[in-house]
Amino acid sequence: MMQTLVTIFYALAVVLYAAGALTLFAYFLWRKSWQVAIGVPLAIAGLVAQVGAIVSEAFATGWSPTSNLYDSLSLFVAFTVLLFLIFARQYRLWALGGFVLLISDFFLAYAGTWNEGYRPLVPSLQSYWLAIHVPTVVAAYAAFMLAFCTSVLYLVKYYLERGHSGGAGLTSMGLQPAAAGAAAGGSMAMATLVAERTGNTVQDETPGLALAAAQGDKVAQWLMGIPSLAKLDVITYRIIAVGLPLLSLGIIMGAMWAKEAWGAYWQWDPKETSALVCWIIYLAYMHLHTRSQWRGMRTSWISVIGFAAVIFCYLGVNIWISGLHSYKV
Amino acid sequence: MATAAGAERLSPLQSLYAEFIDTFGNVLFAVSLLVVWGVMTLIGVVVDQGKAPAAYFNEYPAELARAILRLGLDHIYHSYEYVGLIGLIIVSLAVCTFKRVIPARLPPLRPVLVDKIPLHAFIEARGTEEQVRARLERFFAKAGWHVRRKLFNGVEWTFADRHNWARRGVLVAHLGFVIIAAGTTLYWWKGYQGEIAILSGQTARIPQNGDLLTVHSFNYTIKPTQTRGGVIYQPVDYVSDLTATSPAGKTERDLLRVNHPLQFDGIAYYQASYGYGVTFRMTQAGKPVAGVPATPLLEGDSFPLGPTGRAIQYTQFVGTIDPKSPSGIGADPRPFNPGVVVTVFDGAQPIGSEIVPLGHAVDLGGGYRLEPASYRLYSGIQYRHDPGIPLVGLGALVLVAGVCISFYLLPARLFVRLEGEGERWTVGLAAQTPKGYTMYEEQFAGLVAALQRSEEATAT
């Protein structure tokens with residue numbers, strides 16, 4: 001009965017996410033408000049169905065649904081969609097929804113191929129840490145995936161903008177000369193971003209882009225509808241600022257669990273060390289983000305590389321490399 | 001030129017020190033070390049660690065295997081290069097903390113050119129200078145800012161700080177990393193670990209501290225489960241009934257399970273693995289052959305095949321021999337139709353292997369016959385003495401606290417200067433944060449808008 005419920009909720013979530021992805025992808029292209037009005041409820045409904053699948057799975061097995069790759073991928077997708085909804089609401093990032101939901105749906109469908117049905121827990125997984133360590137790490141992965149999406153959007157916009165601003169003369173570091181600060185009206189003259197070369201910031205829209213948009217260039221007009229590069233950079237930073245502490249906590253809790261189960265908090269297991277590699281990459285991101293000349297394009301590339309490392313750690317190590325984490329979590 | 005002249009005045013030692021501080025205090029240098037650390041760690045993920053040389057030659061082309069062994073990539077995490085790199089990172093971290101982070105994060109109060117700071121605004125205010133200043137200070141204090149005044153060359157400035165204490169977040173995070181490193185070093189210095197296999201009903205001694213461990217019995221539970229891929233035989237529990245006795249005579253009896261270690265005499269004991277010890281009988285022309293151990297052998301153990309120079313290895317225990325399976329080994333690991341895989345070695349070279357049913361003899365040639373006679377379960381117990389654990393735990397806590405403080409609390413400083421005379425003043429307001437301006441753009445806009453509304457309300 002419960003397994004049937006799991007299957008129904010799972011299939012429903014796959015379908016709803018796919019429909020939400022299509023609708024929000026349409027919004028990415030055409031920016032009609034009705035597309036958000038339909039796409040977001042579809043995403044929320046998909047999330048609700050997925051939570052239903054996860055809860056049913058927990059009831060069916062009697063333990064935290066985090067014991068195999070199907071479970072953890074399912075949780076990963078749920079966290080990704082949840083984080084997306086939170087950040088998109090905060091920063092009007094709905095245009096990104098098509099990509100986030102599409103990738104999430106792909107992962108959820110892929111998760112289904114790893115669903116072997118009920119199997120008992122191996123002794124090392126019979127611990128309260130299963131319900132703490134795995135969701136924490138998976139939530140971190142979800143944050144990194146969202147950061148990957150915003151970084152890719154940043155890079156797409158950055159390179160397209162460069163084409164529209166003539167490219168030459170603009171820096172390769174995401175800094176643009178003298179994007180005029182907007183006067184905020186009244187007696188307050190607030191230069192929001194005076195992006196001189198020495199300024200400690202990334203650029204807002206480029207003048208070339210604004211000009212092209214005013215002249216009716218469709219791509220430029222479309223680009224103007226995407227959050228500014230400066231905002232995308234800040235959003236990416238804030239998402240990684242959610243992911244990195246979660247990953248740190250996850251690694252630490254994993255070490256505590258490893259000490260209980262295997263007798264040592266760190267065994268240089270491929271999973272542990274590849275998680276450490278991810279941690280190092282995002283740590284480098286955070287350090288480089290303190291330097292103005294690295295913020296923007298370069299840190300976005302680091303975020304993309306970081307997510308590639310996450311995928312290697314999450315799926316590559318589980319599937320191809322044997323180790324202490326070989327139960328495909 | 002001034003710098004060059006200054007450098008000339010430095011002694012060689014001072015110059016070296018200055019160069020050291022410049023290099024190790026550089027964020028890009030620190031990030032470069034992180035990149036190298038990441039790459040070296042990744043190599044250890046991809047290349048199996050701690051295997052016998054033959055395993056690398058089996059897995060990789062000979063030249064690559066030789067390179068792996070020659071470069072020490074088979075034990076990269078314990079190589080001098082890796083440990084040295086972590087040492088360099090800690091030095092860089094310490095120099096960055098004390099020479100860069102602290103001075104940059106705790107800037108002194110100083111006047112600024114308001115309109116040269118990207119986040120700035122000008123607001124009209126009415127009233128005497130003191131009234132306006134008092135009003136501003138009330139406004140900021142009410143919004144949770146810590147307000148201070150200071151005179152610079154006769155010009156009075158108001159400064160407001162928010163989350164000023166959080167400027168130490170990076171310092172706290174770095175400190176956590178150093179504490180973890182100290183805890184790990186303490187283990188390397190004073191700690192030890194090992195694994196010991198004890199047959200059911202036998203006693204063994206821990207060599208490092210002399211503790212005696214007696215395994216009264218060992219049991220496991222395997223639960224056959226039907227999955228979509230077929231029946232799997234999953235172990236769901238294994239447990240040792242164990243008594244530990246210290247050299248001083250203290251004893252403790254416990255059921256040792258995975259995830260439930262026994263803490264005894266400063267050592268943690270863990271249920272790590274289990275297996276089958278097998279007793280062998282060997283004869284030649286019907287007579288027992290000397291040199292065959294009388295005690296059960298564990299998987300991987302071997303003994304000489306008489307005076308032939310060859311050796312017999314007990315390679316694997318087979319719970320269920322299944323003639324229908326291509327390997328002859330059934331999926332069910334429980335000893336329903338048990339046997340053992342034995343391998344004959346000529347020197348280091350395996351020359352043949354066979355599954356031998358328990359209680360049956362196999363002909364090895366030359367009149368030699370080998371019979372796996374009986375089996376007994378053994379419990380694999382891991383032990384570890386790690387005096388660094390409390391420090392590592394504390395360091396992890398401090399590290400996470402520092403990371404959270406750094407990421408979630410954004411310290412900001414406002415610089416406020418009044419210009420004007422009589423009853424008409426222009427409030428120049430600028431903001432700086434340690435994370436750049438973009439990060440604070442929205443909050444600053446909100447603050448300015450609120451301040452402006454407040455001033456407009458006062459004026460009306």
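## Contacts along chain B

Among contacts in chain B between residues at least 6 apart in sequence, what percentage join residues at least 24 apart? The figure is 61%. Keep in mind that this is a predicted model.

## The overall build of chain B

Let's start with the parts list: chain B has 10 helices and 19 strands. Its radius of gyration is 36 Å, well over the 23 Å that the globule rule gives for 460 residues, so chain B is more spread out than a compact globule. If you box up its C-alpha atoms along the principal axes, you need roughly 120 × 55 × 55 Å. As for burial, 29% of the 460 residues of chain B count as buried.

## Helix 7, a helix with two sides

Now zoom in on helix 7 of chain B, residues 129–142. With 14 residues at 1.5 Å a residue, this helix should span 20 Å, and its end C-alpha atoms are indeed 20 Å apart, which agrees.

Which residues of this helix are buried? They include Val132(B), Arg133(B), Leu136(B) and Phe140(B). These residues cover an arc of only 95° around the axis, which puts them on the same side of helix 7 of chain B. Here's the handy rule behind that: an α-helix has 3.6 residues a turn, so residues three or four places apart point the same way. Flip to the other side of helix 7 and you meet exposed residues: Glu130(B), Ala134(B), Arg138(B), Ala141(B) and Lys142(B).

So what covers the buried residues? Among the elements of chain B that do are strand 1 (120–126), strand 2 (146–152) and strand 3 (155–162), along with strand 18 (412–421) and strand 19 (424–432). After helix 7 of chain B comes Gly144(B), which has a positive phi, near 95°.

## Gly347(B), out in a loop

Gly347(B) sits in the loop between strand 14 (339–346) and strand 15 (349–357) of chain B. Is Gly347(B) buried or exposed? It is exposed, because just 9 other C-beta atoms lie within 10 Å, and a residue counts as exposed at 12 or fewer. Take Ala166(B) as a partner for Gly347(B): they are 181 residues apart along the chain, and their C-alpha atoms are separated by 66 Å.

## Where chain A meets chain B

Chain B has company: 58 residues of chain A are in contact with 55 residues of chain B. On the chain A side, helix 8 (229–262) and helix 9 (270–288) each supply at least two residues. Helix 8 of chain A gives the largest share, 12 residues. Sorted by class, the side of chain A that touches chain B has 35 nonpolar, 17 polar and 6 charged residues.

How values were computed. Residues are numbered from 1 along each chain as its sequence is written. Chains are lettered from A and ligands numbered from 1 in the order in which they are written. This is a predicted model: local features need pLDDT of at least 70, side-chain atom pairs count only at pLDDT 80 or more; totals for chains, interfaces and linings use all residues. Helices (H or I, at least four residues) and strands (E, at least two) are DSSP runs, numbered from the N terminus. The expected span of a helix is 1.5 Å times one less than its number of residues. A residue is buried if 20 or more other C-beta atoms lie within 10 Å of its own, exposed if 12 or fewer, and partly exposed in between; C-beta atoms are placed from the backbone. The arc is that of the directions from the helix axis to the C-beta atoms. Two residues are in contact if their C-beta atoms, placed from the backbone, lie within 7 Å. The radius of gyration is taken over C-alpha atoms; the globule rule is 2.2 Å times the number of residues to the power 0.38. Ala, Val, Leu, Ile, Met, Phe, Trp, Tyr, Cys and Pro count as nonpolar, Asp, Glu, Lys and Arg as charged, and the others, Gly among them, as polar.
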